[in-house]
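Some words used for protein structures rest on a cut-off, and a careful reader may ask how each word was earned. Please look at the structure before going on to the questions.

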Amino acid sequence: MQDLRLATLKEETLVDRAIAGDREAFGELYERYARRVFRHVLYMVNHLHVAQDLTEQTFLRALEAIHRYERRGVPFLAWLLRIARNLYLNDQRVQRNNSSIRNKWDGGAAASPESFCEARLDGEEVWRAVRALDGDQRQVIVLRFMDGLSYADAAVVLGKSVGAVRVAQYRALRALRRSLEDGNLGRHYPSSS
Amino acid sequence: MADIIPALADCLEALNQGADELEERLRKHERYRQELAALLEIVKELKAMGQEEEPSPSDEFLKDLKAKLLTELSTPTQRGGDEG
């Protein structure tokens, strides 16, 4: 259960306490960010069990490395998502070396990103187009527009400059537009001029 | 391409500031208006998807993982791993 006193503390205070070994402070950081890390990873891998596994590994790594966090000067969420990105990239490398293809939903009755997106007007086709982007472009889209990160924080996660994130963002959106117009029911974005 | 990237950033900044502000920014970048308007429509859909509460992890998963992490914290171990 979430401690209401801890819930009012600033992130920096919680991180300081967690570095000092305060279990409850780390628990509060977990409460604040576990759902967001899970969602981010799920959007990237589209696989419930892998998303759960990568979320778990992300927090275990964070626990191991938190003493180094304060030198980074970045929001805790961006730091967590950078750990998650590294784990995701490792996972992708392992998958490439295996013959198995793991790109379908395995979460049983739980809501997949697709099934959730189907509930929204046009959500399904937009999500399919996002899934078709390459890994870096997909992550820029997820970080900026679904996670709501700033350019600076997205740059920390991706290990790129802010300028490079802006370029990647434009290219990813352009690729999405092309995909939606060409591949999905002749979708067309009207000119507003 | 170089010019449209800052134009897109400018319009994205205006996206939450109301239709008038967005229209002003689009006028400022008239040369790219058509492409910017199309990209901004996609961004609106993505942001709407990001605002939803689902998909979300199960309560059981969250509870079990928290218990595991707090147990790890209680166990004196050599820490010092990196961020991946």
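The questions below concern a predicted model.

Q: Why is E56(A) called partly exposed?
A: E56(A), which is found in helix α4 (residues 48-65) of chain A, has 19 other C-beta atoms within 10 Å. A residue is buried if 20 or more lie within that distance and exposed if 12 or fewer do, so with 19 E56(A) falls in between and is called partly exposed.

Q: What makes α2(A) oblique to α3(A)?
A: The axes of helix α2 (residues 11-19) of chain A and α3(A) cross at roughly 135° and come within 7 Å. Angles over 145 degrees count as roughly antiparallel and those from 65 to 115 as roughly perpendicular, and because roughly 135° belongs to neither range, α2(A) is oblique to α3(A).

Q: Which residues of α2(A) and α3(A) meet?
A: L14(A), V15(A), R17(A) and A18(A) in α2(A) meet A25(A), F26(A), E28(A) and L29(A) in α3(A). By class, this contact has six nonpolar, no polar and two charged residues; Arg and Glu count as charged, so R17(A) and E28(A) are the two charged ones.

Q: How do the residues in the contact of α3(A) with α5(A) divide by class, and what makes one of them charged?
A: They divide into 12 nonpolar, one polar and one charged. Among the residues that α3(A) brings to this contact are R36(A) and H40(A); Arg counts as charged, whereas His is not on the nonpolar or charged list and therefore counts as polar.

Conventions. Residues numbered from 1 in each chain as written. Chains lettered and ligands numbered in written order. Predicted model: local features only at pLDDT ≥ 70, side-chain atom pairs only at ≥ 80, totals over all residues. Contact = placed C-beta atoms within 7 Å. Helix = DSSP H or I, 4+ residues; strand = E, 2+ residues; numbered from the N terminus. Axes fitted to C-alpha atoms, helices over the stretch in contact; angles between N-to-C directions. Parallel < 35°, antiparallel > 145°, perpendicular 65-115°, else oblique.
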